[in-house]
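Work through the exercises below with the sequence and the 3D structure at hand, and try each task before reading its solution.

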Amino acid sequence: MNLSEYNGVWVYAEQRQGVLQKVALELLGKGKGLAQELGCPLTAVLFGDQVEKLGEELLAYGADQVIYVEDKALSHYSTEAYTQALCQLTLERKPNIILMGATFLGRDLGPRVSARLATGLTADCTDLHIQEETSNLLMTRPAFGGNLMATIVCTEHRPQMATVRPGVFTKAAKNHESIDLSKVEKVSMDFSQLKDKVRFVEAVKELKQTVDITEVEFIVSGGRGVGSKENFKILQELADALGGTVAGSRAAVEAGWVPPANQVGQTGKTVRPIIYVACGISGSIQHLAGMQESEYIIAINKDDEAPIMKVADLGLVGDLNHIIPELKEQLLLAKAN
Ligand SMILES: Cc1cc2nc3c(=O)[nH]c(=O)nc-3n(C[C@H](O)[C@H](O)[C@H](O)COP(=O)(O)OP(=O)(O)OC[C@H]3O[C@@H](n4cnc5c(N)ncnc54)[C@H](O)[C@@H]3O)c2cc1C
């Protein structure tokens, strides 16, 4: 394989029902920096039906160019059709790097594409850098149950592929000035030979009153130290006073005190709220992986040597059963004045 033929950073711009997913905008932010270091363009790649209008938005979020494939076969996600589209484009255009979100869709599409192109993929990366001497992509991710971070390099094959979970990088800044729509390119593709064994029947949207914890500004998170499901009531009251949401550690989720969708950490979600209140959470490396980028961390723990204290901006040492109601009262008082 002639590696020098491969050039450019691609971000797979995941959209659902015509709405760009936040992770795609986060990857554009990171991808921009990587492309600048390599001195190459940043390209957003978009698939779907009637998605052309999203091209302008992707340029506004920092893509130098947008390539999109529009077809009825792409109107709903299908492994075969999307794999064909990404493989065909990659073989024709030879990008050096492809980044995609570690979403349900990205986790299905990424490995399939990398296997078909006989290249490597590093899943669930927490950091990406360019190696100065070789210009290879350094892909960092937790290994051995999150106890150490491994940096993986794809030295012999191209493209270099990585998936990144939502919330790991910050969203690119939006700039609507000087957008050049000639940078949005439509690529025609023939899907008539597609051997798709899956037939799309119907998309059923489950209507649940859930909040996406990766989007909220204030999180009150509880761990094993909260002691019971009933006791989460005091966390909920504090969250209500803050205008935030309750989340938890894996221990709290496994105990059935917090829904799995609100688990913070390596196997949960990565959050970066303005305030993260960790109540009765020890601060295992797997938990920290999901919250240490929060702007302001308050830890409430009876153990002043708990690892959470090392990342906390404010550590409150004592029994959470006394501290949380007091904190809520003080907050309501401050709000009232
Ligand atoms: C592969 C792998 C993936 C994992 N993924 C995740 C993940 O995504 N998220 C995650 O959270 N964990 C994850 N874990 C589990 C992780 O290793 C820890 O076991 C877990 O985070 C511990 O949860 P905790 O802090 O709630 O409980 P503990 O570690 O038991 O800590 C409880 C804390 O509460 C304090 N406490 C007790 N009573 C009180 C009180 N009355 N007032 C104040 N403080 C009190 C204690 O001092 C202690 O610090 C993962 C583990 C593995 C192996």
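The exercises that follow concern a predicted model, and each is solved step by step.

**Exercise 1.** Determine how helix α5 and helix α9 are oriented relative to each other.

Solution. Begin with the axes: those of α5 (residues 232–242) and α9 (residues 320–336) come within 9 Å and cross at roughly 20°. Next, apply the cut-off, by which angles under 35 degrees count as roughly parallel; the two helices, α5 and α9, are therefore roughly parallel to each other. Finally, note the handedness, since α5 passes α9 in a left-handed crossing.

**Exercise 2.** List the residues through which α5 and α9 meet, and sort the contact by class.

Solution. On the side of α5, the residues are Ile234, Leu235, Glu237, Leu238, Ala241 and Leu242, and they meet Ile324, Pro325, Leu327, Lys328, Leu331 and Leu332 in α9. Sorted by class, this contact of α5 with α9 has 10 nonpolar residues, two charged ones and no polar ones.

**Exercise 3.** Find out where the buried residues of α5 lie around the helix, and what covers them.

Solution. First, identify the buried residues of α5, which are Phe232, Ile234, Leu235, Leu238, Ala239 and Leu242. Looking down the axis of α5, one finds these buried residues within an arc of 155°, so they line one face of the helix. Their cover includes the strands β13 (218–222), β14 (245–248) and β15 (275–279), together with α9.

**Exercise 4.** Is serine 75 buried, exposed or partly exposed?

Solution. Locate serine 75 in the loop between β5 (65–70) and α3 (79–93). Then count its surroundings: with 16 other C-beta atoms within 10 Å, serine 75 is partly exposed.

Conventions. Residues numbered from 1 in each chain as written. Predicted model: local features only at pLDDT ≥ 70, side-chain atom pairs only at ≥ 80, totals over all residues. Axes fitted to C-alpha atoms, helices over the stretch in contact; angles between N-to-C directions. Helix = DSSP H or I, 4+ residues; strand = E, 2+ residues; numbered from the N terminus. Parallel < 35°, antiparallel > 145°, perpendicular 65-115°, else oblique. Left-handed = near helix turned anticlockwise from the far one by under 90°. Contact = placed C-beta atoms within 7 Å. Nonpolar A, V, L, I, M, F, W, Y, C, P; charged D, E, K, R; others polar. Buried ≥ 20, exposed ≤ 12 C-beta atoms within 10 Å, placed from the backbone. Arc of directions from axis to C-beta.
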